[in-house]
Amino acid sequence: MIKKTLTYQDYNGNTVTNDHYFNLNKVEILKLEATYPGGYAHYLEEIGKTNNPLQIIETLEDIVRKSYGKKSEDGIRFIKSKEITDTFLESNAYVALIEDFLTNPEQAAGFMSGIITQ
């Protein structure tokens with residue numbers, strides 16, 4: 001699991017800082033690896049070589065959608081749902097995350113690597 005602390009302005013103009021969690025379990029990682037010839041890590045390497053901004057953004061968005069969730073209070077479950085994901089994607093926290101990735105490629109690379117090697 002990856003925890004990202006994000007600071008952003010909400011839609012009321014308030015500065016907000018909070019933690020967000022991203023996780024792919026082993027089955028999700030295996031599915032992802034099987035989806036791409038040569039595996040997902042190879043796919044990411046190829047995307048990085050192209051320097052195609054749209055493809056990079058779409059790949060980041062895809063992995064964020066697949067991995068975003070909330071820990072259960074007892075820590076036993078990592079809860080993902082369309083509603084939880086949509087709430088995040090509709091917030092400026094999501095914008096702050098993507099902006100951080102685009103301005104700090106090493107952050108994006110570390111995030112992607114961390115997600116698929118858990």
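This passage describes helix packing, buried helix faces, salt bridges and one exposed strand residue in a predicted model.

Helix α2 spans residues 40-50. Three of its residues, Y40, L44 and I47, are buried. Viewed down the axis of α2, these buried residues fall within an arc of 60 degrees, so they line one face of the helix. The elements against which the buried residues of α2 pack are α1 (26-35), α3 (53-67) and α6. Just after α2, residue N51 adopts a positive phi of about 55 degrees.

The packing of α2 on α3 can be described in further detail. The axes of the two helices are 9 Å apart, and the angle between them is about 150 degrees. On the α2 side, the contact is made by Y40, Y43, L44, I47 and T50, and on the α3 side by Q55, I56, T59 and I63. The buried residues Y40, L44 and I47 of α2 are thus listed among those that meet α3. Sorted by class, the contact of α2 with α3 contains six nonpolar residues, three polar residues and no charged residues.

A second helix pair is formed by α5 (residues 92-103) and α6 (residues 105-116). Their axes come within 4 Å and cross at roughly 110 degrees. Because angles of 65 to 115 degrees count as roughly perpendicular, α5 is roughly perpendicular to α6. Helix α5 contributes D100, F101, L102 and T103 to the contact, while α6 contributes P105, Q107, A108 and F111. By class, the contact of α5 with α6 has five nonpolar residues, two polar residues and one charged residue.

Helix α4 also has a buried side. In α4, the buried residues are I84, T85, F88 and L89. Seen along the axis of α4, they fall within an arc of 130 degrees, so they line one face of the helix. The face turned away from this buried side carries the exposed residues K82, E83 and T87. The buried residues of α4 pack against strands and helices, namely β1, β2, α3, β3 (68-71), β4 and α5.

Salt bridges were examined next. Side chains of opposite charge can pair when their charged atoms come close. The structure holds six salt bridges, and three of them are described here, beginning with one inside α4. D86 forms a salt bridge with K82, and the closest N and O atoms of the pair are 2.6 Å apart. Being four residues apart in helix α4, D86 and K82 are separated by about one helical turn. D86 counts as partly exposed, at 21% relative accessibility, whereas K82 counts as exposed, at 62%.

Another salt bridge joins the side chains of K80 and E28, with an N to O distance of 2.9 Å. This pair links distant parts of the chain, 52 residues apart. K80 lies in the loop between β4 (78-79) and α4 (82-89), and E28 lies in helix α1. K80 counts as partly exposed, with a relative accessibility of 28%. E28 is likewise partly exposed, with a relative accessible area of 27%.

A further salt bridge is formed by D19 and K3, whose closest N and O atoms are 3.6 Å apart. D19 is in strand β2 (residues 15-22) and K3 is in strand β1 (residues 2-9), so the pair ties together parts that are 16 residues apart in sequence. The relative accessibility of D19 is 33%, and D19 counts as partly exposed. K3 counts as partly exposed at 49%, because the class of exposed residues begins over 50%.

Strand β2 also contains T15. T15 is exposed, with a relative accessible area of 57%. Leaving aside its neighbours within four places in sequence, T15 is in contact with T7, Y8 and Q9. The separation of T15 from N52 is 37 residues in sequence and 32 Å in space, taken from C-alpha to C-alpha.

Conventions: Residues numbered from 1 in each chain as written. Predicted model: local features only at pLDDT ≥ 70, side-chain atom pairs only at ≥ 80, totals over all residues. Heavy atoms only, no water. Axes fitted to C-alpha atoms, helices over the stretch in contact; angles between N-to-C directions. Parallel < 35°, antiparallel > 145°, perpendicular 65-115°, else oblique. Contact = heavy atoms within 4.5 Å. Nonpolar A, V, L, I, M, F, W, Y, C, P; charged D, E, K, R; others polar. Buried < 20%, exposed > 50% of the residue type's maximum accessible area, 1.4 Å probe, protein only. Arc of directions from axis to C-beta. Salt bridge = Lys/Arg side-chain N within 4 Å of Asp/Glu carboxyl O.
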